[in-house]
Amino acid sequence: MGKRYRITVSGVVQGVGFRPYVYRLAAGLGIKGYVLNTSGGVVVEAEGDGARAFSQTLTKNPPPLASIESISTEILPAAGYETFEIRLSESSPGEFAQVSPDIATCPDCLAELFEPLDRRYHHPFVNCTNCGPRYSIVTGIPYDRGFTTMKRFAMCEDCSAEYKKPSDRRFHAQPVACPRCGPGLRFIETGVAGTFVETAAGRVFEPVRRAAIALRAGQVVAVKGLGGFHLACNAADQKAARRLRELKRGSKKPFALMAPDIETIRRFCVVSEQEESLLSGRVRPIVILERKPEADGLISPDVAPGCRTLGFMLPYTPLHHLLMNGPGGAERNFDALVMTSGNISEEPIITDNREALDKLKGLCDSFLLHDRDIHMRIDDSVAKVAGGIPRVVRRARGYVPETIDMGREMPDILACGAELKNTLCMTKGRHAIVSQHIGDMTNFEATGFFAETLGNLMKIFGVNPSVVASDMHPDYLSTRFAYDYSLTSEPRPKLVAVQHHHAHVAACMAENGFNGKVIGIAFDGTGYGTDGKTWGSEFMVADFAGFERIAHLEYMPLPGGDAAVREPWRSALSVLVTAYGQKEGWEVFSSVKADLALSRGAEVVMKMLEKGVNCPPSSGMGRLFDAVSSLTGVLDTVSYEAEAAILLENEAYGAPDEDGAYPFALWDGSPSVIDIGPLVRAVVKDVKAGTPRAVISARFHNTITGMALKVCGLAREKTGIGTVALSGGVFQNALLSARMEEGLMDMGFRVLTHSKLPANDGCISLGQAAVAAAAGRPEA
Ligand code: ZN
Ligand code: ZN
Ligand code: FE
């Protein structure tokens, strides 16, 4: 009696050419049996003389996009198979299967796109098992065409033949299409009185050509991409960029750029080897790069006002390649296109044609649409290289829904995140699935995006939460969502509220696979504290199960609450009052911010401070950066989150060798409190003495670094803990991060930092899940 090997493979093995790979391997060894996608991964049955060898070589050379997590083999009596076949999928509910992220166009497909004799010449939707849309078009599992938005495009004979032929690169490539059967494009111009005129349509080049002409003529064009719409314009065109800036309601948030190739990007920015591989890899994020002076005349100043960096990405869909590179593939229609998210201010990126025509018509002159529906909206990811490590700043397209291994089995958890730059997280088995960047949960649209993403992830990963985690802030929409969810689900999930900065530190530990005690530093703008005050400069001793707050900046009043976040000069006045007292604080304000002191607004804010009305106490590190930014004359009012701190950091690069620092006082206690008075008075002294901003900024950065090193050193003496975890939006500040990491390592600490997830609140949901998992475990 012969043997039959039943092999179960899990990991990212669906939609990545794994079955054709198994098929070819089986054919080569004369194996009989079958391969099958299940909702738990891939199952192979093999019999024949080479079956043992086959089962051993299966993991040796998998397709490039596959990532095998585990493989198990059962030996059964032979079933007498006569052929080797690829069987149709069967799904068993509740099993876990990974879905691949969306992947940039591969070199083979790119070659076909520009090959005049190829039947997919100029087809903007060319893809194969090694590339193309995945997560954005999946509507259910198992991953089959019927569960994607390609369902409504019936394959032509040629495509169908490729799809069925095991040796073909498109064997079971679910989004396979061609100019005969695939999605098409439309170019639509806005006419008079809100009308639309379609001026080109088709499945090849013409609509793209029209869009390129419009962009060259200075138009703003809404371009439908992989995960949503972009608003595009020629980045060299001053007028067009200025207009787009105005249409975006005055926000100075930098626009993302797309360039045809690395050589072109090098004309504008410094690109290291690591940055090059990040730019050109299969994720193709927007990469934040140091700007060269040469960029000044070539890229409109409205693209990234006041920034020493530019965010560039390379084309990642065939449509982008056609648009950037013209019909021959090498024309370089543009050196750089602005490609900013097609949305209204902080609302979610728009995905639907009708919605785009309706909502974006006031923001653009024309539309380049296609009719492959986007099921999951997903923005471009943003990444950078810092400290020699590629770091994700906004985690979305190309990364999501890759999972994070939590190192042990967990209950099904739903974690709802915080408020700004929000994500949600679910766990299944050992896996944490962090959603794409959802954005600011202060608007109704983002709440809808949150619910939509939740529903989709639950469905494709088969999650059924028994624990729901949220922030402690009672008014966050995400907290309310968690509460409502737990009340309306049966059986009722357990609700766990996690302190914001504990979640930050836990997220950093989780993504580094660290499961011990750390000295955690969470520096950010705001987070709800266990005392009901606003925290944001937290030093803690923490593990997943709990934390003890060991030090923080002294509280300062935040006149007007959120208004102070938008207007850093309010924080400036507040720190002066904290450092000098009311009377002298106002006098100092009047001398260093003379214009502002004469305004009615400043008078009102001073009254608020005097009476303590609407002045919630805050220990946010972000607010101290705001205050110093305003005091040194960098920025008084922000147009996007953290703008004042970003511009203050920029200043410091002007004094790279400055090693001076300001004094501060540390009041020992539990927790210890850092007195900012000496620091503020020293800054004021420098401002009054006319010390250059660059020097003040550098000294300020040195001071915060010194402060952190001091606290960590003292904490190690007390606790013996030798690992520090750094999290919070303030650590997106490359200068501060680098200095702190260096300093801590010099002191012999092991330093954990974020790289897979952003240091900002995009990591909160993962941290909540990690804490909730620990809270759900029975006491040891
Ligand atoms: Zn391909
Ligand atoms: Zn076809
Ligand atoms: Fe935070």
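The site of the zinc ion (ligand 2) is tetrahedral, with angles of 104 to 118° among its four donor atoms. This description refers to a predicted model. The zinc ion (ligand 1) likewise occupies a tetrahedral site, where the angles among the four donor atoms are 103 to 122°. Beyond the metal sites, the briefing covers an open sheet of five strands, the surroundings of strand 9 and the crossing of helix 16 with helix 20.

**Zinc ion (ligand 2)**

- The protein donors are the SG atoms of Cys156, Cys159, Cys178 and Cys181, which lie 2.2 to 2.3 Å from the zinc ion (ligand 2).
- Along the chain, these donors follow the spacing C-x2-C-x18-C-x2-C.
- Cys178 counts as buried because its relative accessibility is 1%, and buried means under 20%.
- Cys181, at 8% relative accessibility, also counts as buried.

**Zinc ion (ligand 1)**

- Cys106, Cys109, Cys128 and Cys131 each supply SG as a donor to the zinc ion (ligand 1), at 2.2 to 2.4 Å.
- The sequence spacing of the donor residues is C-x2-C-x18-C-x2-C.
- Among these donors, Cys106 and Cys109 are buried.

**Five-stranded open sheet and helix 1**

- The strand order is 4-1-3-2-5, and the pairing is mixed.
- Strand 4 (67-77) and strand 5 (84-86) are at the edges; each has a single partner strand, so one side of each lacks a neighbour in the sheet.
- From one strand to the next, the twist averages 15°.
- Within this sheet, strand 2 (residues 32-38) and strand 3 (residues 41-47) run antiparallel and are joined by seven bridges.
- Thr38 has Gly41 of strand 3 as its bridge partner.
- Helix 1 (residues 18-29) packs on the sheet and touches strand 1 (3-12), strand 2, strand 3, strand 4 and strand 5.
- The direction of helix 1 makes about 170° with that of strand 5.

**Strand 9 and its partners**

- Strand 9 (residues 229-234) is mostly covered, six of its six residues being buried.
- Phe229, Leu231 and Cys233 point one way from strand 9, whereas His230, Ala232 and Asn234 point the other way; all are buried.
- Strand 8 (residues 221-224) pairs with strand 9 in the antiparallel sense over four bridges.
- These two strands form a hairpin, with four residues between them.
- Strand 9 is also joined to strand 14 (residues 337-341) by five bridges, and the two run antiparallel.
- Ala232 connects both pairings: Val221 stands opposite Ala232, and Met339 in strand 14 is the bridge partner of Ala232.

**Helix 16 and helix 20**

- The axes of helix 16 (residues 568-580) and helix 20 (residues 621-631) come within 7 Å and cross at roughly 95°.
- Helix 16 is therefore roughly perpendicular to helix 20, a description that applies to angles of 65 to 115 degrees.
- On the side of helix 16, the contact is made by Pro568, Trp569, Ser571, Ala572, Val575 and Leu576.
- Helix 20 contributes Arg623, Leu624, Asp626, Ala627, Ser630 and Leu631 to this contact.

Note on methods. Residues numbered from 1 in each chain as written. Chains lettered and ligands numbered in written order. Predicted model: local features only at pLDDT ≥ 70, side-chain atom pairs only at ≥ 80, totals over all residues. Heavy atoms only, no water. Buried < 20%, exposed > 50% of the residue type's maximum accessible area, 1.4 Å probe, protein only. Pairing = 2+ DSSP bridges. Donors = N, O, S within 2.8 Å, 3.2 Å for Na, K, Ca; no water. Tetrahedral: all angles 85-135°; square planar, octahedral: opposite > 155°, others 65-115°. Axes fitted to C-alpha atoms, helices over the stretch in contact; angles between N-to-C directions. Parallel < 35°, antiparallel > 145°, perpendicular 65-115°, else oblique. Contact = heavy atoms within 4.5 Å.
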